[in-house]
Amino acid sequence: MMLEHVLVLSAYLFSIGIYGLVTSRNLVRALICLELILNAVNLNFVTFSDFFDSRQLKGNIFSIFIIAIAAAEAAIGLAIVSAIYRNRKSTRINQSNLLNK
């Protein structure tokens, strides 16, 4: 696969994630779009590591760290969303004003 094709795919995933994050009204959808952005970045790291420096695997190792951080972010984010839903009975972003009390 050529470098340009992977970069176009990564840019497409990143732009879908940014668009979804900006226009999302649901907290779960915002978390999913954040995961799309992180996966686009991972795709870039692995592609550039394979294309420019295939012997040292620095991009692949960095990508594994990002995947671990994304998994922790998803777990903590979903726990916060479930706590907000338990208190407010809604997962809408504009109704999550927990700091007003």
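**Exercise 1. Place S15 in its helix and decide, from its relative accessible area, whether it is buried, partly exposed or exposed.**

S15 is found in helix α1 of what is a predicted model. The relative accessible area of S15 is 38%, and since buried means under 20% and exposed means over 50%, S15 is partly exposed. A further step looks across the chain: S15 and L36 are 21 residues apart along the chain, and their C-alpha atoms are separated by 9.2 Å.

**Exercise 2. Check the length of helix α1 against the rise of 1.5 Å a residue, and work out where its buried residues lie around the axis.**

Begin with the length. Helix α1 covers residues 3-23, and its 21 residues should span 30 Å at 1.5 Å a residue; the expected span takes 1.5 Å times one less than the number of residues, and the end C-alpha atoms of α1 are 30 Å apart, which agrees.

Next, list the buried positions, which in α1 are L3, V6, S10, G17 and G20. Seen down the axis of α1, these buried residues fall within an arc of 135°, so they line one face of the helix. On the other side of α1, V8, Y12, Y19 and V22 are exposed. Finally, ask what does the covering: α2 is included in what covers the buried residues of α1.

**Exercise 3. Repeat the length check for α2, list its buried residues, and examine A30 and S49 as two cases.**

The helix α2 has 26 residues, and the distance from its first C-alpha to its last is 38 Å, close to the 38 Å expected at 1.5 Å a residue. Its buried residues are L27, A30, L31, C33, I37, A40, N42, T47 and S49, and what covers them includes both α1 and α3.

Take A30 as the first case. A30 has a relative accessible area of 12%, and therefore counts as buried, given that the cut-off is under 20%. Once its neighbours within four places in sequence are left aside, A30 is in contact with L21, S24 and I93. By contrast with these contacts, consider A71: A30 and A71 are 41 residues apart along the chain, and their C-alpha atoms are separated by 15 Å.

Take S49 as the second case. With a relative accessible area of 8%, S49 is buried, and its contacts, again leaving aside neighbours within four places in sequence, are S54, L57, K58, G59 and N60.

**Exercise 4. Test whether the span of α3 agrees or disagrees with its 31 residues, and describe the surroundings of E73 and I64.**

At 1.5 Å a residue the 31 residues of α3 should span 45 Å, and the end C-alpha atoms are 44 Å apart, which agrees. The buried residues in α3 include G59, S63, I66, A70, G77, V81 and I84, and α2 is part of what covers the buried residues of this helix. Just after α3, K89 takes a positive phi of about 60°.

E73 lies in helix α3 and, at 21% relative accessibility, counts as partly exposed, because the limit for a buried residue is under 20%. Leaving aside its neighbours within four places in sequence, E73 is in contact with L31, L34, E35 and L38. R86 is 13 residues from E73 along the chain, with the two C-alpha atoms separated by 20 Å.

I64 is also found in helix α3, but its relative accessible area of 56% makes it exposed. I64 and C33 are 31 residues apart in sequence, and 19 Å apart in space, C-alpha to C-alpha.

**Exercise 5. Identify the residues that make the nonpolar surface patch, and find which helix gives the most to it.**

The patch, of about 540 Å², is made by F45, V46, L57, I61, F62 and F65. Patch residues need over 30% relative accessible area, and V46, at 34% relative accessibility, counts as partly exposed; V46 is found in helix α2.

Turning to the helices, α2 (27-52) and α3 (58-88) each supply at least two residues of the nonpolar patch. The helix that gives the most is α3, with three residues.

Technical notes. Residues are numbered from 1 along each chain as its sequence is written. This is a predicted model: local features need pLDDT of at least 70, side-chain atom pairs count only at pLDDT 80 or more; totals for chains, interfaces and linings use all residues. Side-chain values use heavy atoms; hydrogens and water are left out. Patches are made of residues with over 30% relative accessible area and no salt bridge: like charges are joined within 9 Å, nonpolar side chains (Val, Leu, Ile, Met, Phe, Trp, Tyr) within 5 Å. Accessible areas come from the Shrake-Rupley method with a 1.4 Å probe; for residues, only the protein chains shown count as cover. A salt bridge is a side-chain nitrogen of Lys or Arg within 4 Å of a carboxyl oxygen of Asp or Glu. Helices (H or I, at least four residues) and strands (E, at least two) are DSSP runs, numbered from the N terminus. Buried means under 20% relative accessible area, exposed over 50%, partly exposed in between (1.4 Å probe, protein chains only). Contact means heavy atoms within 4.5 Å. The arc is that of the directions from the helix axis to the C-beta atoms.
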